[in-house]
Amino acid sequence: MSTVWTEAEAPAVAAPAPATAPRPEIKIERETHKLEKRLCREVGKAIVDFNMIEEGDKVMVCMSGGKDSYTLLDILLKLKARAPIHFDLVAVNLDQKQPGFPEHVLPEYLASTGVPFHIENEDTYSIVKKLIPEGKTTCSLCSRLRRGILYRVADELGCTKIALGHHRDDILQTLLLNMFFGGKMKSMPPKLVSDDGKHVVIRPLAYVAEKDTARWSAHRDFPIIPCNLCGSQENLQRKQVGEMLREWEKKFPGRVENMFTALQNVVPSHLLDGGLYDFKNARATGIASEDGDKAFDKEEFVAPSPSLPGVQVVQLS
């Protein structure tokens, strides 16, 4: 079903071997084409898997000026052109009045795409600076203020969905942050209903790796706007966890993918949350079950081998 959102894969056609090695620019073009197809495929799959966008939706795409939100809008525009349903997009940026913020950049870029857009001006910067002591993390308050404003704008624009640019790595970072510092098994859901029950928030980049948004952003030469309010804080826990994930990916290829897959294969009976599984009333029934525990069986895991000096890991696709 998800294939209707993306271009069908063309069958491989055997081509005569070239007399000489392809020129570097041809190789780059091929890799870029593969990246575009992968982004469209992964975003289209997420939309279908979680029913993110439906017929007649008006989707508000939140634009921060970072690589992820640019990529989100770019890929949604490509999918809109060939989607099996009709939906509308409107790009929205919240100008938080940070000192030195280049307020002309996003309007000029969005105008060049032809997508309808709205710039909301709200001085949350002064509020955050007033309430948060110097050196303390500003992200929590900034996010709450921004969320409330964007919900209001979504109502004013008649939007039925709010699309955020969080990707696979953001989801995993949130999982680990909640485990390490919040004592919860909780992450970012691909789709959620807001706490006031009035808005549906979607994350179409849920299956997309951050390295792919970085590569696509570089290829498309998006006019990136750095966040000087929270992104400049060097000791953020999220940043540290992100670096840890990137280090794991280098040393143990496949580990990050396995962690993300685990989020889609949860077994409540093998955790410890009595609210998800009724441990107190678990009784032997004498009836065999495939879901039953095999307590004395040895668990088998396929652990990716660490990268070794002088050894090249080749991934086949």
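A residue is called buried when its relative accessible area is under 20%, exposed when that area is over 50%, and partly exposed in between. These words are used in the legends below for a predicted model.

**Figure 1. Overview of the protein chain, with 9 helices and 6 strands.**
The model is predicted. The protein chain has 317 residues, and buried residues make up 34% of them. About 19,900 Å² of the chain is exposed, and carbon and sulfur atoms supply 56% of this area. Among contacts with a separation of 6 or more, 78% are accounted for by residues 24 or more positions apart.

**Figure 2. The open sheet of 6 strands.**
The strands follow the order 3-2-1-4-6-5, and their pairing is mixed. Strand 3 (117-121) and strand 5 (191-193) stand at the edges, and each has a single partner strand, so one side of each is left without a neighbour in the sheet. On average, neighbouring strands of this sheet are turned by 25° against each other, direction ignored. Strands of a sheet pair through backbone hydrogen bonds, and the pairing is either parallel or antiparallel.

**Figure 3. Strand 1 and its pairing with strand 2 and strand 4.**
Strand 1 covers residues 58-62. Of its 5 residues, 4 are buried, and the strand is mostly covered. Strand 1 runs parallel to strand 4 (residues 161-163), and 3 bridges join the two. With strand 2, the pairing is also in the parallel sense, over 5 bridges. Which residues are the bridge partners of Val59 in strand 4 and in strand 2? In strand 4 the partner is Lys161, and in strand 2 the partner is Leu89.

**Figure 4. Helix 2 and helix 3 against the strands.**
Helix 2 (residues 67-80) packs on the sheet, where it touches strand 1, strand 2 (88-95) and strand 4. The direction of helix 2 makes about 165° with that of strand 2. Helix 3 (residues 105-113) lies across strand 2 and strand 3. Relative to strand 3, helix 3 runs at about 170°.

**Figure 5. The salt bridge between Glu210 and Lys67.**
Side chains of opposite charge can pair when their charged atoms come close. A search of the whole structure finds 20 salt bridges. In one of them, the side chains of Glu210 and Lys67 meet at 3.0 Å, N to O. Glu210 lies in helix 7 (residues 210-220) and Lys67 in helix 2, so this pair ties together parts that are 143 residues apart in sequence. Lys67 has a relative accessible area of 22% and is partly exposed, because the partly exposed range lies between 20% and 50%. Both residues also belong to a network of salt bridges that links Lys67, Asp68, Glu210 and Arg246.

**Figure 6. The salt bridge between Asp88 and Lys80.**
The side chains of Asp88 and Lys80 meet at 3.9 Å, N to O. The pair counts as a salt bridge because the cut-off is a side-chain nitrogen within 4 Å of a carboxyl oxygen. Asp88 is partly exposed, at 34% relative accessibility. Lys80 is partly exposed as well, with a relative accessible area of 29%.

**Figure 7. The salt bridge between Glu120 and Arg152.**
The side chains of Glu120 and Arg152 meet at 2.9 Å, N to O. Glu120 is in strand 3 and Arg152 in helix 5 (residues 139-157), and the pair links distant parts of the chain, 32 residues apart. Is Glu120 buried or exposed? Glu120 has a relative accessible area of 11%, so this residue falls under the 20% limit and is buried. Arg152, at 32% relative accessibility, counts as partly exposed.

**Figure 8. A nonpolar patch on the surface.**
The patch is formed by Met179, Phe180, Phe181 and Met185. Together these residues have about 440 Å² of accessible area. Met179 lies in helix 6 (residues 168-182). With a relative accessible area of 38%, Met179 is partly exposed.

**Figure 9. Leu271 and its contacts.**
Leu271 is placed in the segment after helix 9 (255-262). With a relative accessible area of 37%, Leu271 is partly exposed. Leaving aside neighbours within four places in sequence, Leu271 is in contact with Val266 and Phe279.

Key:
Residues numbered from 1 in each chain as written. Predicted model: local features only at pLDDT ≥ 70, side-chain atom pairs only at ≥ 80, totals over all residues. Heavy atoms only, no water. Patch = residues over 30% accessible without salt bridge, like charges linked within 9 Å, V, L, I, M, F, W, Y side chains within 5 Å. Areas by Shrake-Rupley, 256 points an atom, 1.4 Å probe, with all protein chains shown as cover. Buried < 20%, exposed > 50% of the residue type's maximum accessible area, 1.4 Å probe, protein only. Pairing = 2+ DSSP bridges. Axes fitted to C-alpha atoms, helices over the stretch in contact; angles between N-to-C directions. Contact = heavy atoms within 4.5 Å.
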